[in-house]
Amino acid sequence: MKVVLVTGGAGFIGSNFIRYYLNKNQECVVINLDKLTYSGNLSNLDEVVSDNRYVFVKGDILDKDLVLRILGGDYSPNGQKVNRIVHFAAESHVDRSIKDSSPFVQTNIVGTQILLDALRESWNKEDSDMRFLHVSTDEVYGSLGETGYFTEDTPINPNSPYSASKASSDLLVRAYYETFKMPLLITRCSNNYGAYQFPEKLIPLVINNIVKQENLPVYGKGINVRDWLYVMDHCEAIDVVLENGKLGDVYNIGGNNEWKNIDIVNLLCDLVDDALGREKNSKRLIKFVQDRLGHDMRYAIDASKIKNELGWSPKYVFEDGIRETVAWYLENKAWLENVTSGAYTDYYAKQYGDGV
Ligand code: NAD
Ligand code: TYD
């Protein structure tokens with residue numbers, strides 16, 4: 001039976017992954033270790049909270065004793081030892097890393113090192129079918145010009161404190177594989193979109209602001225390009241690599257779906273206005289603002305390795321995924337309000353205390 005430790009499972013991708021995993025697997029245990037920072041919200045997991053295969057532990061990946069106890073089975077319903085780790089927990093927003101990189105260094109680098117050390121201490125090479133997947137980003141490769149794609153062989157060349165911290169954690173994972181032959185895997189994904197993304201990232205921020213008829217901040221000229229992937233496609237790809245990826249390898253995951261930021265913002269204006277039956281005039285809210293420092297121009301993933309070796313490619317067509325995403329945020333305005341209010345975070349902290 002799979003006993004999966006998901007770190008950062010109350011965040012955007014982690015919560016989608018937990019729902020995906022519990023739906024897909026009948027017999028399994030999912031333990032969600034999350035510190036509940038501003039971007040982690042337990043309401044993202046309301047659908048699974050009463051599922052007896054799911055356990056929430058409020059805690060920090062920097063707490064090695066806690067991680068060791070989880071790996072050893074202390075938090076599993078029947079004391080089962082963990083045999084899968086999917087490591088999402090991170091500080092994830094570039095703009096925040098520009099303001100203050102210290103939490104990025106702590107969680108993304110030191111936190112990953114602590115998880116790796118906890119696994120090294122508890123892992124029994126002989127009888128374990130353990131697999132640890134480190135969720136990383138295409139941003140570690142740096143920025144592309146107008147042409148070309150990131151492959152797994154592209155040299156790491158991070159430009160922001162966020163991507164530097166992710167690249168550092170990738171290098172630790174690589175080094176622990178080379179040194180200790182631990183069962184480690186790395187995925188590097190392009191920008192995700194979908195339900196439950198904290199509204200500081202471009203797509204939910206723009207949807208939220210259109211609903212509220214507030215300015216839509218577009219950095220610089222809006223010509224930077226991102227390769228957007230639906231979060232459910234990402235969850236499936238992670239599961240495929242977790243089970244079938246070659247240990248020690250890196251797998252790029254991408255949507256083959258490049259958009260200039262300004263085109264995404266214009267599209268969202270049309271979709272939200274349409275869905276709300278409003279006159280199509282939200283584009284007047286677009287405001288070109290000062291560019292992000294060190295703003296990477298273009299990301300684009302070559303995902304042929306995961307396609308050729310593991311048979312994965314994205315299932316969702318962007319036009320459908322983005323419509324579903326807009327519909328979700330419009331149907332969940334209370335969620336948007338709640339996750340941006342401090343009182344809400346305090347409420348959940350009181351409800352759940354230190355977890356199960
Ligand atoms: P997110 O910010 O929505 O969620 C991060 C989660 O980690 C939150 O629930 C937070 O409470 C938790 N967390 C933070 N510090 C912690 C700590 N010290 N201990 C325990 N939990 C902690 O992020 P996301 O967008 O879901 O990203 C998840 C992972 O995927 C990250 O590693 C990120 O680098 C990577 N990634 C994200 C994208 C994207 O487009 N969002 C793309 C590629 C890779
Ligand atoms: P973001 O969602 O922060 O993801 P990342 O920086 O990790 O790619 O930003 C996506 C793109 O949108 C990026 O080029 C920066 C730009 N952007 C804006 O133009 N305005 C905004 O308010 C935000 C948050 C991002």
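Three exercises with worked solutions follow, on a helix, a pocket and aromatic pairs.

The model is predicted, so local features need pLDDT of at least 70 and side-chain atom pairs count only at pLDDT 80 or more, while totals for chains, interfaces and linings use all residues. Residues are numbered from 1 along each chain as its sequence is written, and side-chain values use heavy atoms, without hydrogens and water.

**Exercise 1. Helix 10**

Task: Check the span of helix 10 (residues 318–331), then find its buried residues and their packing partners.

Solution.
- Step 1. Helices are DSSP runs of H or I with at least four residues, strands are runs of E with at least two, and both are numbered from the N terminus.
- Step 2. The expected span is 1.5 Å times one less than the number of residues. Helix 10 has 14 residues, so it should span 20 Å. Its end C-alpha atoms are 20 Å apart, which agrees.
- Step 3. Buried means under 20% relative accessible area, exposed over 50%, and partly exposed in between (1.4 Å probe, protein chains only). Phe 318, Gly 321, Ile 322, Thr 325, Val 326, Trp 328, Tyr 329 and Leu 330 are buried.
- Step 4. Contact means heavy atoms within 4.5 Å. The partners of these buried residues include helix 6 (202–212), helix 8 (261–275) and helix 11 (333–339). Strand 12 (258–260) is also among them.

**Exercise 2. The lining of a pocket**

Task: Describe the lining of the second largest pocket by class and by element.

Solution.
- Step 1. A pocket is an open set of points on a 1 Å grid over the protein atoms alone where a 1.4 Å probe fits, with protein on both sides within 12 Å along at least five of seven lines; lining residues have an atom within 4 Å of a point.
- Step 2. The lining holds 19 residues. Glu 152, Arg 174, Arg 188, Gly 248 and Val 250 lie nearest the centre.
- Step 3. Helix 5 (161–180) and strand 6 (184–189) each give two or more residues. Helix 5 gives the most, with 6.
- Step 4. Ala, Val, Leu, Ile, Met, Phe, Trp, Tyr, Cys and Pro count as nonpolar, Asp, Glu, Lys and Arg as charged, and the others, Gly among them, as polar. The lining has 9 nonpolar, 2 polar and 8 charged residues.

**Exercise 3. Aromatic pairs**

Task: Classify the pair Phe 104 and Tyr 162.

Solution.
- Step 1. Rings of Phe, Tyr and Trp (its six-membered ring) pair if their centres lie within 6.5 Å; planes under 30 degrees apart are stacked, over 60 edge-to-face, the rest tilted. The count is 17 aromatic pairs.
- Step 2. Phe 104 and Tyr 162 lie 6.4 Å centre to centre, with 80° between the planes, and are edge-to-face.
- Step 3. Phe 104 is in helix 4 (residues 102–122) and Tyr 162 in helix 5, 58 residues apart.

Key: Chains lettered and ligands numbered in written order.
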